[in-house]
Amino acid sequence: MNEEGLRILEAFRDETSPNASTIARHRLIDDLLRRELQDDPDLTTVLIGAGFDSRAYRLGGGIWIELDEPQVIDYKNERLPAADCENELHRIPIDFSTGSLEEKLSPFSNRGPVTIVIEGVFGYLEEEEIGTLLQTLHRLFPRHKLICDLMSRKFIEKYGKTLHEKINDIGTSFKFAANEPEKIFLKGGYFLKERISVVESAVNFNMLKIPAIALKTFLRTLTRGYAIFVFEKIQRSTD
């Protein structure tokens with residue numbers, strides 16, 4: 001990170017449980033991608049809003065496509081050049097507010113299967129924006145899986161208050177909050193293949209100290225309210 005990133009991080013240092021959950025979230029997606037790559041070493045993985053993701057360097061095999069804002073891509077290229085990656089890696093700069101995701105990804109369309117990772121992003125999008133994004137993915141990739149993390153409204157209201165306040169302080173906010181956030185995906189042409197509790201996994205990884213019995217009883221909102229979802233596009237006769 002640069003100095004600005006470290007300064008922002010400092011405000012979140014006391015958010016120990018969310019920080020542990022973020023690490024667990026990333027580990028869970030790592031494990032899912034390792035499994036996918038074992039089944040298909042030539043798998044194409046698309047990371048939308050990739051940030052400082054370094055999976056293309058850490059995981060063996062596959063073709064990797066990273067999209068993010070131009071300043072993020074420039075920063076990564078200066079410090080970790082795509083040419084140094086042992087796997088095939090494409091970095092694509094995009095201004096998400098004005099650019100066309102479909103245009104940027106069209107050179108890679110119609111290949112399959114494709115795994116798309118959207119991590120730490122959906123909570124900051126309006127529901128309409130999510131619907132538009134899903135339609136774009138359907139047009140581009142007839143056969144794909146989508147790996148993402150989702151929080152329920154109850155989880156945010158009960159456990160995310162101080163975190164959300166700090167996020168507001170840096171100029172953004174949670175926009176997508178639903179009691180069953182997966183429904184927009186199920187209505188948008190996907191079926192749910194897998195759901196993994198982030199908090200329960202953090203406990204299993206010894207990142208959080210919460211009694212297992214508590215997770216299964218009075219902390220069920222904590223357990224079920226934040227999860228990794230694996231969706232798979234429903235195949236229709238026209239696909």
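Okay, one definition before we start: a residue is called buried when its relative accessible area is under 20%, exposed when that figure is over 50%, and partly exposed in between. Keep that in your head, because at 37% relative accessibility Arg58 then counts as partly exposed. And a quick caution: what you have in front of you is a predicted model.

Let's stay with Arg58. What does its side chain meet in a salt bridge? The partner is Asp30, with 2.8 Å from N to O. These two come from distant parts of the chain: Arg58 sits in helix α3, residues 55-58, Asp30 sits in helix α2, and 28 residues separate them. Is Asp30 buried or exposed? Its relative accessibility is 7%, so Asp30 counts as buried. So this bridge has a partly exposed end at Arg58 and a buried end at Asp30.

As background, side chains of opposite charge can pair when their charged atoms come close. In this structure there are 20 salt bridges. Some of them join up: Arg25, Asp30, Asp53, Arg55, Arg58, Glu119 and Asp149 are linked in a network. So our Arg58 and Asp30 are both members of that network.

Now for a pair inside one helix. Arg27 and Asp31 both belong to α2, 4 residues apart, which is about one turn of the helix. Why does that spacing suit a pair? An α-helix has 3.6 residues a turn, so residues three or four places apart point the same way. The side chains of Arg27 and Asp31 meet in a salt bridge, again 2.8 Å from N to O. Arg27 is partly exposed at 37%, and Asp31 is partly exposed too, at 30%.

One more bridge, elsewhere in the chain. Glu102 and Arg139 meet through their side chains at 2.8 Å, N to O. Glu102 is in helix α5, residues 101-105, and Arg139 is in helix α6, so the bridge ties together parts that lie 37 residues apart in sequence. Glu102 has a relative accessible area of 28%, which makes it partly exposed, and Arg139 is partly exposed at 48%.

Right, on to the inside. Which residues touch the most other members of the largest nonpolar core? Leu33, Trp64, Ile147 and Ile228 do, out of 37 residues. The elements that each supply at least two residues include α2, α8, β5 (144-151) and β7 (226-233). Helix α2 gives the most, with 7 residues. Take Leu33 as an example: leaving out residues up to four places away in sequence, it touches Thr45, Arg55, Leu59, Trp64, Thr115, Val117 and Ile147. You've met Arg55 already, in the salt-bridge network. Apart from this core there is another, of 31 residues, among them Ile65, Ile94, Leu140 and Cys148.

Still in α2, have a look at Glu36. It carries a charge-type side chain by name, yet Glu36 is buried, at 11% relative accessible area. With close sequence neighbours up to four places away left out, Glu36 touches Leu43, Thr115 and Lys145. Thr115 was on the contact list of Leu33 as well.

Next, helix α8, residues 161-169. Its buried residues are Leu163, Lys166 and Ile167. Looking down the axis of α8, they fall within an arc of 100 degrees, so they line one face of the helix. What covers them includes α2, residues 16-39. On the face turned away from the buried side, you find the exposed residues Lys161 and Asp169. After α8 comes Gly171, with a positive phi near 100 degrees.

Speaking of glycines, where is Gly123? Gly123 is in the loop between β4 (114-118) and α6 (127-140). At 22% relative accessible area, Gly123 is partly exposed. Gly123 touches Ser173, Phe174, Lys175 and Phe176, again not counting residues up to four places away. From Gly123 to Asp149 is 26 residues in sequence and 8.6 Å in space, C-alpha to C-alpha.

Last stop, the surface. Met1, Leu6, Leu9 and Phe52 form a nonpolar patch there, with about 390 Å² of accessible area together. Of these, Leu6 is found in helix α1, residues 3-10, and is partly exposed at 42%.

Key:
Residues are numbered from 1 along each chain as its sequence is written. This is a predicted model: local features need pLDDT of at least 70, side-chain atom pairs count only at pLDDT 80 or more; totals for chains, interfaces and linings use all residues. Side-chain values use heavy atoms; hydrogens and water are left out. Buried means under 20% relative accessible area, exposed over 50%, partly exposed in between (1.4 Å probe, protein chains only). The arc is that of the directions from the helix axis to the C-beta atoms. Contact means heavy atoms within 4.5 Å. A nonpolar core is a set of buried Ala, Val, Leu, Ile, Met, Phe, Trp, Tyr and Cys residues joined through side-chain atoms within 4.5 Å. Patches are made of residues with over 30% relative accessible area and no salt bridge: like charges are joined within 9 Å, nonpolar side chains (Val, Leu, Ile, Met, Phe, Trp, Tyr) within 5 Å. Accessible areas come from the Shrake-Rupley method with a 1.4 Å probe; for residues, only the protein chains shown count as cover. A salt bridge is a side-chain nitrogen of Lys or Arg within 4 Å of a carboxyl oxygen of Asp or Glu.
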